[in-house]
Amino acid sequence: MARKTKKSQAQINKQLWDRANTSQRVRWQTLSQKAYDFYLNEQLSKNEKSALEEAGMPTFIINRVTPIIEIMKYFVTANNPRWKAVGATGDDVDVAQVHSEIADYCWYLSNGKSIYSQVVLDALTKGIGYFLVDIDRDMDRGMGEVVFKRVDPYDVYVDPASTDFLFRDAGFVSIRKNLARTQLMNMFPQWKSKIKKAGGTSEIVSYSQRDTDTSESIQPEDITLGINLDAEDDDIVPYYETYAKIKHAYYNVYIKKTPNPKQLKEIKASVEEQLSDFMNEVQVGLMEKELQLQEGVQAGEIIPERAQLEIQRAQKMAEQAIEEKRMQLMAEAQEAATVIEQQIMTEASYNIIAKNEQIKGQIVDAIKFYENRIHLTCSVGDDVFLYERILDIKEYPIVPIPYMYTGTPYPMSAVTPLIGKQQEINKAHQIMLHNANLASNLRWMYEEGSVPEEEWERYSSSPGALLKYRQGFNAPTPIMPAPINNAFFSVVQEGKSDAEYIAGVPSSMMGFAQEQTETYRGLLANDEFGTRRLKAWMGSMVEPCLEHLGRCFQMMAQSHYSVEKVFRIVQPEAGQSPDEEKETRINIPIYNDYGKAIGMYKNYASARFDIRIVSGTTMPVNRWALLEEYFRWFQAGLIDDIAMISETDIRNKKGIVQRKSQYAQMQQQLEQLTESMKDKEGTIETLERQLVQAGIKMKVGDASNEIRKDVLNTEAQQKLLRGMMKTEFDKAKSEIQMQVKNNAEKK
């Protein structure tokens, strides 16, 4: 088979588009364009308008389609979609929580609400809308960002054999745009020289039946020339993007990573330390065995030779046990240090490592499998190839949202069933107005030459005009219009109600209530019952498509965001200051003591998690009716004031909750009581200490009094004793003196 050249790849792009642009595709676009024209108030074809003008009938229309489509778009796109990520394992939970914030960041960066509104409008008016998940490599100073884009449904050509409503089974999806050459060179400045050489016809075909000369709307196919920077005409050239889903061979490889020399040295040291304890235990066992044998010899139970033989045998078994233990510990330590790493690699990469003898021995298992990858080929004109890429995603980044899926890539729009009723309403109004016009502007039957025709044409319908006719002729007779049937009035009214019934959008949903204003509960019931048709489409089509969009974004984001990145989301919660922002980091490197990156925290690229769309997040809510219900629940005690305030639109709700919440008040009271208890406990402790000290002082005083009493009693006794002793001394002294005196007298 001959190898494809770059030129042949560009030609293949053109041929794939030719094959996808089948007669069914042309018929679908013709019908879809008609529905889109009806939405844009272009409800009369060129031939119909000419026929009405020739018949003198009015060409106005009463547009009932546009209001219905606008209210349907509002109910579907009132809020932004939200995705929830569910981690596969415990390690992926943190990253899964971060993914929703990354999706919000990229959605905000892409002006996602506007894009979502345009895509839903395409689905309602053209039958299908397309999201495109792409990477803008020039954003963030060359680091690139994942962005959401919208693709015009008329530029997308899907494999006609596809039967999946998300086109996951399509062999290819081709995008063909008619762009000015200068615009292309601005889009791809690196390939300016190629784009200048591009040739081929733009083949701009208009599928609209409107009169483009008098049309009220200007549509893309009306633009047939561009303008370059030299203020000259710039030709329109076709630009092709072809997405193809091709299976590639991959290997799920399990590689055993053995310890390095440094780790082996550490393992050996640890083994020797464990072995030392075991050797000590074995030595003690030998000593016990030897002692037991010696006791047997002394008791005469065994002979010394037998004891010596048993001792030698025990020593040999101990050496063997120590060696076996060393080998066991070494093997266990090496096994614990050995890591089996799972890697997904291409077949070419696996063949390279399988030929390496050193790595080959470390491969535990290798499982071959096939997985889809998206090939993107871009070209300009019929033969100019630009580039080819293999996107590291498994599904097409082009995500459709069909309205009425028909099992083919050609769904029907919401306008298509309304076209007949709209034409009926227009025709009935035209006939009624034409009949009224005829009644106020009479036609006349006259004999040729009986009246001055110019004068009658000018003044026959003027009030108070005097008209003359010539003598000898019969007077002109007025031709009165036939009375209009009253059925036309009922046809108009029934046509309006039928259009609302077909679309599932009653007038009350638009705010045109003819009866007295309903209660809040009635408004909630009206919203519930009136939106069931839209909710059915949301549940069966829009939400599954948005969930698939979230998975495509996940694959594209995980493929692109592989280095450390900080996301700053300026989207504060209700009640917060608009200046507040939330910061999220992914792929945070982990360094060792030597400053070398050894791992990654919040590794976004390798995390595994599933994506779920939060059901009903894009639908509107009747705020006043819902607030009334919340107030009733609050009055009934079913919810607290925090839940009530959180559903209101009051500014600075966070501060109000902190100040006025019952929980906050209870917390404040609890804190006050706690402080009061602490003060009282402190007072009690102080009083207890004072009481203890008072008791101690009292006991000390009592002891002092007792001691003082004893001292006083002792002093009194001593004083009495001293008095008695002095009395006795004085008595003895006086007796001695008297005796001495008596003796002296005797001599």
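A residue counts as buried here when its relative accessible area is under 20%, a cut-off that will be needed at several stops of this tour. The model on your screen is a predicted one, and each stop below says what to select and what can then be seen there.

**The whole chain**

Begin with everything displayed as a cartoon, where the secondary structure of the protein comes to 21 helices and 19 strands. Of the 747 residues of the protein, 35% count as buried. If you look at the contacts between residues at least 6 apart in sequence, 72% of them join residues that are at least 24 apart.

**First stop: Arg-373**

Select Arg-373, which is found in strand β10, the run of residues 363-380. Is Arg-373 buried or exposed? Its relative accessible area is 10%, and because this is under the cut-off of 20%, Arg-373 is buried.

Now show the side chains of Tyr-250 and Asp-392 as well. The side chain of Arg-373 is joined to that of Tyr-250 by a polar contact of 3.1 Å, and it also makes a polar contact of 3.0 Å with the side chain of Asp-392. When residues up to four places away in sequence are not counted, the residues that Arg-373 touches include Ala-244, Lys-245, Ile-246 and His-248, and also Ile-390, Leu-391, Ile-393 and Lys-394.

**Second stop: Arg-181**

Move next to Arg-181, whose place is in helix α7, made of residues 181-187. With a relative accessible area of 12%, Arg-181 is also under the cut-off of 20% and is therefore buried.

Which side chain makes a polar contact with the side chain of Arg-181? Select Asp-235, whose side chain makes this contact at 2.6 Å, and then Ala-198, whose backbone oxygen is reached by the side chain of Arg-181 at 2.9 Å. Leaving out residues up to four places away in sequence, Arg-181 touches Ile-195, Lys-196, Ala-198, Asp-234, Asp-235 and Val-237.

**Third stop: helix α5 and Tyr-116**

Select residues 93-109, which form helix α5. At 1.5 Å a residue, the 17 residues of this helix should span 24 Å, and its end C-alpha atoms are 25 Å apart, which agrees. Among the buried residues of α5 are Val-95, Val-98, His-99, Glu-101, Tyr-105 and Trp-107. Just after α5 you will come to Asn-111, which takes a positive phi of about 55°.

Go on to Tyr-116, which is found in helix α6, residues 112-126. Tyr-116 is buried, with a relative accessible area of 1%. Leaving aside its neighbours within four places in sequence, Tyr-116 is in contact with ten residues that you can pick out one by one: Val-76, Thr-77, Asn-79, Pro-81, Trp-107, Phe-131, Met-538, Val-542, Leu-546 and Thr-618. One of these, Trp-107, belongs to the buried residues of α5. You can also draw a distance from Tyr-116 to Lys-149, since these two are 33 residues apart in sequence and 9.0 Å apart in space, C-alpha to C-alpha.

**Fourth stop: helix α2**

Select α2, residues 23-39. The 17 residues of α2 should span 24 Å at 1.5 Å a residue, and the end C-alpha atoms are 24 Å apart, which agrees. The buried residues of α2 include Arg-25, Trp-28, Gln-29, Ser-32, Tyr-36 and Phe-38. Just after α2, Asn-41 takes a positive phi of about 75°.

**Last stop: the cavities**

Rolling a probe the size of a water molecule over the atoms shows where empty space is left. How many cavities of 30 Å³ or more does the structure hold? There are 2 of them.

The largest cavity has a volume of about 40 Å³. To find it, select Arg-25, Trp-28, Ile-128, Tyr-130, Pro-153, Val-156, Tyr-157, Val-158, Pro-409 and Tyr-410, which line this cavity. At least two lining residues are supplied by each of α2, β2 (128-136) and β4 (156-158), and β4 gives the most, with 3 residues. By class, this lining has 9 nonpolar, no polar and 1 charged residues.

The second largest cavity has a volume of about 30 Å³. Select Tyr-130, Val-158, Leu-166, Phe-167, Val-173, Tyr-396 and Ile-398 to see its lining, which by class has 7 nonpolar, no polar and no charged residues. Tyr-130 and Val-158 are found in the linings of both cavities.

Note on methods
Residues are numbered from 1 along each chain as its sequence is written. This is a predicted model: local features need pLDDT of at least 70, side-chain atom pairs count only at pLDDT 80 or more; totals for chains, interfaces and linings use all residues. Side-chain values use heavy atoms; hydrogens and water are left out. Helices (H or I, at least four residues) and strands (E, at least two) are DSSP runs, numbered from the N terminus. Buried means under 20% relative accessible area, exposed over 50%, partly exposed in between (1.4 Å probe, protein chains only). A polar contact is a pair of N or O atoms within 3.5 Å; within protein, one must be able to donate a hydrogen and the other to accept it, and residues adjacent in sequence count only if both atoms are side-chain atoms. Contact means heavy atoms within 4.5 Å. On a 1 Å grid over the protein atoms alone, a cavity is a set of points where a 1.4 Å probe fits but cannot get out, and a pocket is an open set with protein on both sides within 12 Å along at least five of seven lines; lining residues have an atom within 4 Å of a point. Grid points are joined across faces, edges and corners, and a volume is the space filled by probe spheres set on the points. Ala, Val, Leu, Ile, Met, Phe, Trp, Tyr, Cys and Pro count as nonpolar, Asp, Glu, Lys and Arg as charged, and the others, Gly among them, as polar. The expected span of a helix is 1.5 Å times one less than its number of residues.
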